[in-house]
Structures are given as C-alpha cells and as structure tokens.
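Please work through the following exercises on helix packing, burial, backbone angles and enclosed space. Each task is followed by a worked solution.

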Amino acid sequence: MKAVLRVATVADAAAVNETYGYYIAHSLANFGETNITVEERAREMETLLETYPFFVAEDETGRFLGFACAEPYRSKSGYRFTAELTIYLHPDAPKGAGIGTLLYDKLLSFLKAQGFRVAIGVIHAQNLASIALHRNFGFEQVGYLRHYCYKQHQWVDAVLMDKVLNSFEKEVAEPIPFSQYRRQLEGETLLTRQQAEELLLWAHGHNPGPWLGHSQTAARAACTIANACGMDAELAYLMGLLHDIGRYEGVRGMHHVIAGYNLMMQKGLAPIARICLTHSFPLPETDAYTGPQDCTPQEMDFLKKTLDSIAFNDYDRLIQLCDALSMPDGVSTIEERLFEVSLRNGFTDCTQRKWKAFLDIKKEFDQRCGMNIYQLFREEISQRLFDEKKK
C-alpha cells in the first residue's frame with residue numbers, strides 16, 4: 001500500500017472528527033473526554049489552515065488513513081513562534097506502514113520553512129510508539145508532567161518533548177502563515193523577475209563584486225535546464241538569481257548563506273530562503289564548505305541541524321548544479337568553475353567528495369534532460385574553451 005499526502009480541506013472534517021472521536025473514547029493518547037461536532041471541526045480546521053500546516057494521508061483509492069497538523073501551543077501572543085503537533089491514524093489504517101513518519105516529515109518541513117522556531121509534543125507517558133516517533137525526528141524530552149490529566153478514572157502522566165526548527169535571534173521575522181506559504185510554493189506570490197533583479201542590484205550596491213555576474217549566469221542556467229527537464233523555469237530563474245543574495249552584507253564566507261536565508265525569510269520568501277542555505281552544500285556537511293567558516297557558534301549549530309534534517313529537493317540540486325556551472329562572464333564546465341573556486345579558497349579533505357557530488361548532480365540532470373546539459377550551452381562553453389580572445 002502506498003500512502004498519498006495532501007493538504008487537508010474542510011471536506012475532511014467528518015473523517016478527521018471520526019478519528020478524533022475514536023481516540024477520545026478508546027485511548028489515553030488524546031486527553032479529551034467529549035468530541036465536538038463535524039461542523040465545529042470544520043470551522044476549527046478552516047481557522048488552523050490559515051496559519052498552520054494540516055495534512056491528511058490516503059491510500060491509492062482515496063481511503064482516509066490519518067492526519068497530522070499543528071496548532072497554537074498557547075493563546076498568548078508570545079508563544080506564536082511555537083507550534084504544538086497532533087497526529088492520529090485512523091483505527092483501520094494499516095500498522096507499521098510508515099504513515100505516521102510520512103505525515104510528520106511533511107508537517108515538520110513546512111513548519112521549518114514557514115519560520116516557526118520550536119515544535120512541541122505533549123504525549124501520554126506510556127505511549128512508547130509516539131515517543132519513539134518523536135525521538136526519530138530529533139525531539140528531546142524537556143519535561144515530565146505528573147498526573148497531568150484525569151481520564152477514564154485514572155491519573156495520566158505526560159511527556160513534554162520539543163524540537164528546535166530554526167535559530168533564535170533577537171530580531172526575527174514572523175512565521176509565514178500556511179495559506180500564504182502555500183501560495184508561494186504554487187508560484188502565486190513570489191517576486192516577479194523584475195522585482196528579483198532590482199533586489200539583486202540593491203544587494204550588489206551594498207557589496208559590489210563579480211558575484212553579481214555569477215548570480216545572473218546561475219539564473220540563466222537554472223532557467224534553461226529547468227525548461228529542458230520539465231521543471232518550473234521561472235521559479236528556477238528566481239532561485240538562481242537570488243541564491244547568493246546574502247553577499248549583500250560584505251565579503252564573507254559561509255556566513256553569506258545565513259545572511260541570505262535571514263533576508264529572504266524577513267521578506268516572506270521561504271522557498272528562496274531555503275535555496276540560500278542549501279546551494280553551497282552538495283554534501284550536507286558544514287565541513288565540506290570551501291572558504292572561510294565565519295559563522296557564529298549559534299549560526300553553525302543552526303546550519304548543522306538544518307543540513308542534518310533536510311532532504312534536498314529538485315530545486316536544491318538544480319541550484320547547486322548551476323552554482324557550479326556559473327562564472328561571472330558565462331556558463332562554464334563544472335571542472336573550470338570548481339578549479340577556479342579551489343584556487344581562491346584552497347583544497348580541503350572534502351574537496352574530492354564534493355567535486356564528485358557536483359558531478360553526480362550533473363549526471364542526474366543529464367538523464368532528466370535526455371542529453372548532456374553542456375549541449376544546452378554548447379556555443380558559450382566552446383567559446384570559453386577555444387576563443388583566443390577569451391584567453
């Protein structure tokens with residue numbers, strides 16, 4: 001059986017409410033004693049979906065298997081950066097099929113991208129399966145609540161677990177509402193090409209340098225390759241153009257990925273913020289970075305945890321590839337670009353593995369495009385290699 005995830009709608013209220021009702025009546029996993037009506041559940045879901053991710057799982061036939069959602073941890077405004085998680089599988093859903101893992105992976109990735117800082121789970125202390133699920137996702141036990149609930153004529157203890165999703169700064173961007181983030185992913189509210197180009201020129205004005213041409217080349221390369229393999233070419237262009245936007249802060253090393261991430265999150269551009277973080281790491285290891293590792297300890301901790309938890313998607317890999325193809329004056333071979341970077345920043349123990357990772361990404365996109373991607377830039381690469389004027 002294959003589980004399919006999708007965003008919940010109010011049409012799912014009956015199935016969600018039935019599932020809640022089962023655990024209220026037959027389990028200590030839910031601390032409620034009475035269920036609400038389907039109409040009340042629909043209104044609750046509609047409200048949650050404005051701010052928090054809410055996903056359901058179905059099988060290939062559309063049969064409801066379960067759900068996972070986030071909600072406010074507490075009502076006071078100071079808690080708005082923290083989300084409490086809920087996950088329940090339908091009592092008839094197959095056990096041990098990995099449905100809960102799929103739901104939680106999706107839920108946590110969205111909360112992180114939206115800019116929430118902490119995810120909280122409050123779990124019945126004897127619910128060892130749920131505690132294990134949370135531990136597998138990096139949650140840590142931060143409290144034990146004795147006699148926290150009275151249900152079914154017994155006092156119930158609870159475990160409080162949390163997971164840090166993003167770094168903690170004094171000045172932070174507000175979490176992006178789920179409804180807005182969904183529109184961004186669907187391409188409805190991202191920057192226009194003109195707005196992105198103006199933002200890049202603004203950044204370059206703060207720190208002039210050849211990185212402007214490199215970014216423009218990466219955007220063009222990303223757009224061209226995306227067109228050839230059926231990806232969103234306009235989204236790829238924007239991501240390629242702004243992947244190095246963190247260089248606006250000055251001549252920096254690894255810190256530029258943090259600066260870019262923070263700037264894009266402040267502007268509500270979470271998909272591009274993600275690219276700012278991932279583009280420099282075809283190997284998801286901070287030690288593999290080529291250049292000064294000038295992050296603060298807090299930034300480094302955030303970066304390591306992010307790279308440990310993230311699964312690179314098609315756009316992450318595309319921009320990693322284009323970063324390794326793009327010179328300030330045009331598209332090059334990977335070998336030319338990587339050698340140029342290594343001459344500037346030196347070789348490390350990870351250089352060989354990192355170069356292989358770039359070549360593996362190229363091989364992946366060669367297959368997706370049905371050709372050697374150098375064919376897409378044949379004229380300018382040939383000119384770089386053989387034009388005497390270039391030399």
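The conventions come before the exercises.

The model is predicted, so local features need pLDDT of at least 70 and side-chain atom pairs count only at pLDDT 80 or more, while totals for chains, interfaces and linings use all residues. Residues are numbered from 1 along each chain as its sequence is written, and side-chain values use heavy atoms, with hydrogens and water left out.

**Exercise 1. Helix packing**

Task: Describe how helix 6 and helix 8 pack, and classify the residues of their contact.

Solution.
Step 1. Two packed helices are described by the angle between their axes and the distance between the axes. Helices (H or I, at least four residues) and strands (E, at least two) are DSSP runs, numbered from the N terminus. Axes are lines fitted to C-alpha atoms, for helices over the stretch in contact, and angles run from 0 to 180 degrees between N-to-C directions.
Step 2. For helix 6 (residues 193-206) and helix 8 (residues 233-242), the angle is about 5° and the axes are 10 Å apart. Helix 6 is therefore roughly parallel to helix 8. The classes are roughly parallel for angles under 35 degrees, roughly antiparallel over 145, roughly perpendicular from 65 to 115, and oblique for the rest.
Step 3. Contact means heavy atoms within 4.5 Å. Helix 6 contributes Arg193, Ala196, Glu197, Leu199 and Leu200, which meet Glu234, Tyr237, Leu238, Leu241 and Leu242 of helix 8.
Step 4. These contact residues divide into seven nonpolar, no polar and three charged. Here Ala, Val, Leu, Ile, Met, Phe, Trp, Tyr, Cys and Pro count as nonpolar, Asp, Glu, Lys and Arg as charged, and the others, Gly among them, as polar.

**Exercise 2. Met265 and helix 10**

Task: Determine whether Met265 is buried or exposed, and list what Met265 touches.

Solution.
Step 1. Met265 is in helix 9 (residues 255-266).
Step 2. Buried means under 20% relative accessible area, exposed over 50%, and partly exposed in between (1.4 Å probe, protein chains only). Because its relative accessible area is 9%, Met265 is buried.
Step 3. Not counting residues up to four places away in sequence, Met265 touches Ala113, Gln114, Gly115, Ala173, Ala270 and Ala273. Met265 and Gly115 are 150 residues apart in sequence, yet their C-alpha atoms are 7.3 Å apart.
Step 4. Ala270 and Ala273 are among the buried residues of helix 10. In helix 10 (residues 270-278), eight of the nine residues are buried.

**Exercise 3. Positive phi**

Task: For His147 and His153, state phi and decide whether each is buried or exposed.

Solution.
Step 1. His147 is placed in strand 6 (residues 140-151). Its phi is near 50°, a positive value in a residue other than glycine. With 54% relative accessibility, His147 counts as exposed.
Step 2. His153 is in the loop between strand 6 and strand 7 (154-164). Phi of His153 is near 65°, again a positive value in a residue other than glycine. His153 counts as exposed, at 74% relative accessibility.

**Exercise 4. Cavity and pockets**

Task: Characterise the largest cavity and the two pockets described as largest and second largest.

Solution.
Step 1. The search uses a 1 Å grid over the protein atoms alone: a cavity is a set of points where a 1.4 Å probe fits but cannot get out, and a pocket is an open set with protein on both sides within 12 Å along at least five of seven lines; lining residues have an atom within 4 Å of a point. Grid points are joined across faces, edges and corners, and a volume is the space filled by probe spheres set on the points.
Step 2. The whole structure yields one cavity of 30 Å³ or more. The largest cavity has a volume of about 40 Å³. Helix 2 gives the most to its lining, with four residues. The lining comprises seven nonpolar, no polar and three charged residues.
Step 3. The largest pocket holds about 1200 Å³. Its lining has 46 residues, with Leu108, Ser109, Lys112, Arg274 and Ile310 nearest the centre.
Step 4. The second largest pocket holds about 1000 Å³. Its lining has 40 residues, with Ala29, Ile87, Tyr88, Asn127 and Ser130 nearest the centre.
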